[in-house]
Amino acid sequence: VRGGMTSHAAVVARGMGRPCVSAVGAMRVDCPASALRIGDLEVRAGEMLTIDGGAGEVMLGEVPTVPARLSGDFATIMSWADEFRRMRVRANAETLTDARVAREFGADGLGLIRTEHMFF
């Protein structure tokens, strides 16, 4: 099922490290029954769903994932760019994990640290 990935809620959720897909018109949530319905399909509380907030998709079951990494042609192009760049790249971080990942991906440092999200 596809939904919105550019709503304010989805963007804020991704910034907090949480997947979010909004405005899934085909999905109906039945709180008293602890279920959601998409057409004839019913998903009950406790069943696994995978949410891909970047693509705006909700999938039934657990989808295998791999950690993001620079690889292949993209890694090659980025290494070439590093040889010639004159501008330093800084990342925005809301958590210590964000800061670590930014450094692993080559950020020179942090430009904005959202400390209010580090405490909850």
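Colleague: How many salt bridges does the structure hold?
Modeller: This is a predicted model. Charged side chains are a good place to start. The salt bridges in the structure number six.

Colleague: Which residue meets Asp30 in a salt bridge?
Modeller: The contact is between side chains, at 3.1 Å from N to O. A salt bridge needs a Lys or Arg nitrogen within 4 Å of a carboxyl oxygen, so this pair qualifies. The partner of Asp30 is Arg37.

Colleague: Are Asp30 and Arg37 buried, partly exposed or exposed?
Modeller: Buried means under 20% relative accessible area and exposed means over 50%. Asp30 has 23% relative accessibility. Arg37 has a relative accessible area of 30%. Both values lie between the two limits, so Asp30 and Arg37 are partly exposed.

Colleague: How far apart are the closest N and O atoms of Glu42 and Arg44?
Modeller: Glu42 and Arg44 form a salt bridge. Glu42 is partly exposed, at 32% relative accessible area. Arg44 is partly exposed too, at 39%. The closest N and O atoms of the pair are 3.5 Å apart.

Colleague: Which residues are linked with Asp30 in a network of salt bridges?
Modeller: Asp30 pairs with Arg37, and Glu42 pairs with Arg44. These two pairs belong to one network of salt bridges. The residues linked with Asp30 are Arg37, Glu42 and Arg44.

Colleague: Which parts of the chain does the salt bridge of Asp108 and Arg85 link?
Modeller: The side chains of Asp108 and Arg85 meet at 3.0 Å, N to O. The two residues are 23 apart, in distant parts of the chain. Arg85 is partly exposed, with a relative accessible area of 32%. Asp108 lies in the loop between helix H3 (96–104) and strand S7 (109–113), and Arg85 in the loop between helix H2 (72–84) and strand S6 (90–93).

Colleague: In what order do the elements of the chain run?
Modeller: The chain has three helices and seven strands. Reading starts at the N terminus. The order is α-β-β-β-β-β-α-β-α-β.

Colleague: What radius of gyration does the chain have?
Modeller: For 120 residues, a compact globule would come near 14 Å. The C-alpha trace spans about 55 × 35 × 25 Å along its principal axes. The radius of gyration of the chain is 19 Å.

Colleague: What share of the residues is buried?
Modeller: The chain has about 9,100 Å² of accessible surface, with 59% of it belonging to carbon and sulfur atoms. A residue counts as buried under 20% relative accessible area. Of the 120 residues, the buried share is 20%.

Colleague: Which residues does Leu112 contact beyond its neighbours within four places in sequence?
Modeller: Leu112 sits in strand S7. The residue is partly exposed, at 39% relative accessible area. Its C-alpha atom is 43 Å from that of Ala33, 79 residues away along the chain. The contacts of Leu112 are Ala91, Asn92 and Ala93.

Colleague: How far apart in space are Val11 and Glu104, C-alpha to C-alpha?
Modeller: Val11 belongs to helix H1 (residues 8–15). Val11 is partly exposed, at 43% relative accessibility. In sequence, Val11 and Glu104 are 93 residues apart. In space, their separation is 23 Å.

Colleague: How far apart are the mean positions of the positive and negative charges?
Modeller: The chain carries 14 positive and 15 negative charges. Their mean positions are separated by 7 Å.

Conventions:
Residues numbered from 1 in each chain as written. Predicted model: local features only at pLDDT ≥ 70, side-chain atom pairs only at ≥ 80, totals over all residues. Heavy atoms only, no water. Helix = DSSP H or I, 4+ residues; strand = E, 2+ residues; numbered from the N terminus. Rg over C-alpha atoms; globule rule 2.2 N^0.38 Å. Buried < 20%, exposed > 50% of the residue type's maximum accessible area, 1.4 Å probe, protein only. Areas by Shrake-Rupley, 256 points an atom, 1.4 Å probe, with all protein chains shown as cover. Lys, Arg positive; Asp, Glu negative; His and termini not counted. Charge placed at Lys NZ, Arg CZ, Asp CG, Glu CD. Contact = heavy atoms within 4.5 Å.
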